[in-house]
Amino acid sequence: MTVTKSSTKLLKNYINGQWVESNSSENLEVPNPATGEVLARVPISTNEDLNKAVKAADTAFQKWKHVPVPKRARIMFKFHYLLTQYHEALAKLVVHENGKAFNEAYGEIQRGIECVEFASGAPTHLMGETLSNIAEDIDSEMFRYPLGVVGGITPFNFPMMVPLWMFPLAIVCGNTFILKPSERTPILANRLAELLTEAGLPEGVFNVVHGAHDVVNGLLEHEDIKAISFVGSQPVAKYVYEKAALNGKRVQALSGAKNHHIVMPDADIEKTVQNVISSTFGSAGQRCMACSAVVVVGNNDQFVEELRKKADGLTIGNGLDDEVLLTPIIRDSHRQKVLGIIEKGIEEGADLIRDGRSEMSELTDGNFLGATIFDHVSPDMTIAKDEIFAPVLSILRAEDLNEGLDYLRKSRYGNGATLYTKNAHAIRQFREEADAGMLGINVGVPATMAFFPFSGWKDSFYGDLHVNGKDGINFYTRKKMITSRYDY
């Protein structure tokens, strides 16, 4: 709901090292998803606000690009120290504005810290290459240079980790950065700006502009912005990629997912059930690496029954409460959409073996939905094909691994997939034939560490260079080749 009058704090943009009020009179409430308490209001900034940030970032770039790489790295080391010092407080902030359980928020902060650790190795990452005597008395060298002003558009589900996929690497590579965080989780972005300032980052190198469509389109169109990194839903990712590329920018756009977990007959039932439960219902299913479809190979009704029983025992509630795994959906508007999808699953003939809607009446203050499980789902059903981004699981049946792999091939998405088995032959076949970029063997969430690329396939990614790892270094730098003759 758009509001213009409230006693709740109105957030400011962070531009050129200063907290600046937006020119817009329009703003949105930022409620705690578990309680409905309004935490802040976020401005829906204008193009004028964005242009101020771009000007500041471009001015800062003219000096920042000349700062020695070790000095940039030392600032990032100080930022890393501050993140570790405030680890618990940052995790609680994530719980308040995102709603996820504290232990998951704590883990998110840790994964973000690991991204900063990787970026702190900038002197090694930015080394060039040389080859002497490519011809007689001629040498060739490659050096890396920053692009300029770059932008990041980040989602609500990982308000800490995803921005840290982007700006630490971009900054140590010599670029300046403009962050447009999700208007649903804007508070943490401002805290990161404060910590970067405390770490000694010069004015204008990092900027935060809150907003919605106008700011996004401004980032995609502005001629002084050289690259865009985006994480969000598939339709928006495709739009961002096409529009930014049309305007001559480098783009990496991480998109939706429909991650399949294949359970072989020899899988350890207890461990597999625990992995699937955590992957599916942790963060209320609101993560792009969540398990959303389980493929049960063979007649394994015992696994399905144990999965349902485990889901029955989940504690649902506020993420700050002990033992809570299943937390609220980010907004009631999305919950209403999910309720429609559940009805669609029933209409299309899936067997609803656990109806999480029955738990909604027990927790009326937040956007809660209990663990919901469909069995005997066919791959042509809506719940099997579409990303739901909620605690809703589809169970498909397959005669063998080949049929299970075929379900993966037919999916439009290709972020991740997991196989549960002890069979070496099945593991190798899965590794070679699974049509997804991040695979797990007996692992519930096969997300990569910061030194590897987050490598989604198909409609889960638009672009050429992924976030993190060497891909991230290549994305935020351009190469200059020098060929020298010495017998001149």
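Strands β13 (259–263), β18 and β19 (416–420) each contribute at least two residues to the lining of the second largest cavity. This is a feature of a predicted model, and the cavity offers a convenient place to start looking around the structure. The second largest cavity holds about 50 Å³ of space. Its lining consists of Lys258, Asn259, His260, Leu408, Ser411, Tyr413, Gly414, Asn415, Gly416, Ala417, Asp435 and Ala436. By residue class, this lining splits into 4 nonpolar, 6 polar and 2 charged residues.

A search of the whole structure returns 5 cavities of 30 Å³ or more. The largest cavity has a volume of about 110 Å³. A total of 15 residues line the largest cavity, and Gly285, Arg287, Ala290, Ser292 and Phe389 are the ones that lie nearest its centre. Here the lining is made up of 8 nonpolar, 4 polar and 3 charged residues.

Two of the strands that line the second largest cavity, β13 and β19, also belong to an open sheet of 7 strands. The strand order is β15-β16-β17-β14-β13-β19-β20, with mixed pairing. β15 (351–354) and β20 stand at the edges with a single partner strand each, so one side of each has no neighbour in the sheet. From one strand to the next, the twist averages 20°. Within this sheet, β13 runs parallel to β14 (residues 291–297), and 5 bridges join the two strands. Asparagine 259 stands opposite cysteine 291 in β14; Asn259 is also among the residues lining the second largest cavity.

Turning to charged side chains, the model contains 24 salt bridges. One of these involves a residue already met in the lining of the second largest cavity, Asp435. The side chains of aspartate 435 and lysine 458 form a salt bridge, at 3.2 Å from N to O. Aspartate 435 sits in the loop between α15 (424–433) and β20 (438–441), whereas lysine 458 belongs to strand β21, so the salt bridge ties together parts of the chain that are 23 residues apart in sequence. Both partners are partly exposed: the relative accessible area is 23% for aspartate 435 and 28% for lysine 458.

Elsewhere, salt bridges with shared partners join Glu305, Arg308, Asp312, Arg354 and Glu359 into one network. Arg354 falls within the residue range of β15 (351–354), a strand at the edge of the sheet.

A further salt bridge links aspartate 459 with arginine 412, whose closest N and O atoms are 3.2 Å apart. This pair connects distant parts of the chain, 47 residues apart: aspartate 459 is in the loop between β21 (457–458) and β22 (461–463), and arginine 412 is in the loop between α14 (401–410) and β18 (413–414). Aspartate 459 is partly exposed, at 24% relative accessible area, and arginine 412 is likewise partly exposed, at 37%.

Sequence neighbours can be partners too, as with glutamate 432 and arginine 431, whose side chains meet in a salt bridge at 2.9 Å from N to O. Arginine 431 is partly exposed, with a relative accessibility of 48%.

Technical notes
Residues are numbered from 1 along each chain as its sequence is written. This is a predicted model: local features need pLDDT of at least 70, side-chain atom pairs count only at pLDDT 80 or more; totals for chains, interfaces and linings use all residues. Side-chain values use heavy atoms; hydrogens and water are left out. A salt bridge is a side-chain nitrogen of Lys or Arg within 4 Å of a carboxyl oxygen of Asp or Glu. Helices (H or I, at least four residues) and strands (E, at least two) are DSSP runs, numbered from the N terminus. Buried means under 20% relative accessible area, exposed over 50%, partly exposed in between (1.4 Å probe, protein chains only). On a 1 Å grid over the protein atoms alone, a cavity is a set of points where a 1.4 Å probe fits but cannot get out, and a pocket is an open set with protein on both sides within 12 Å along at least five of seven lines; lining residues have an atom within 4 Å of a point. Grid points are joined across faces, edges and corners, and a volume is the space filled by probe spheres set on the points. Ala, Val, Leu, Ile, Met, Phe, Trp, Tyr, Cys and Pro count as nonpolar, Asp, Glu, Lys and Arg as charged, and the others, Gly among them, as polar. Two strands pair if DSSP finds at least two bridges between them. Axes are lines fitted to C-alpha atoms, for helices over the stretch in contact, and angles run from 0 to 180 degrees between N-to-C directions.
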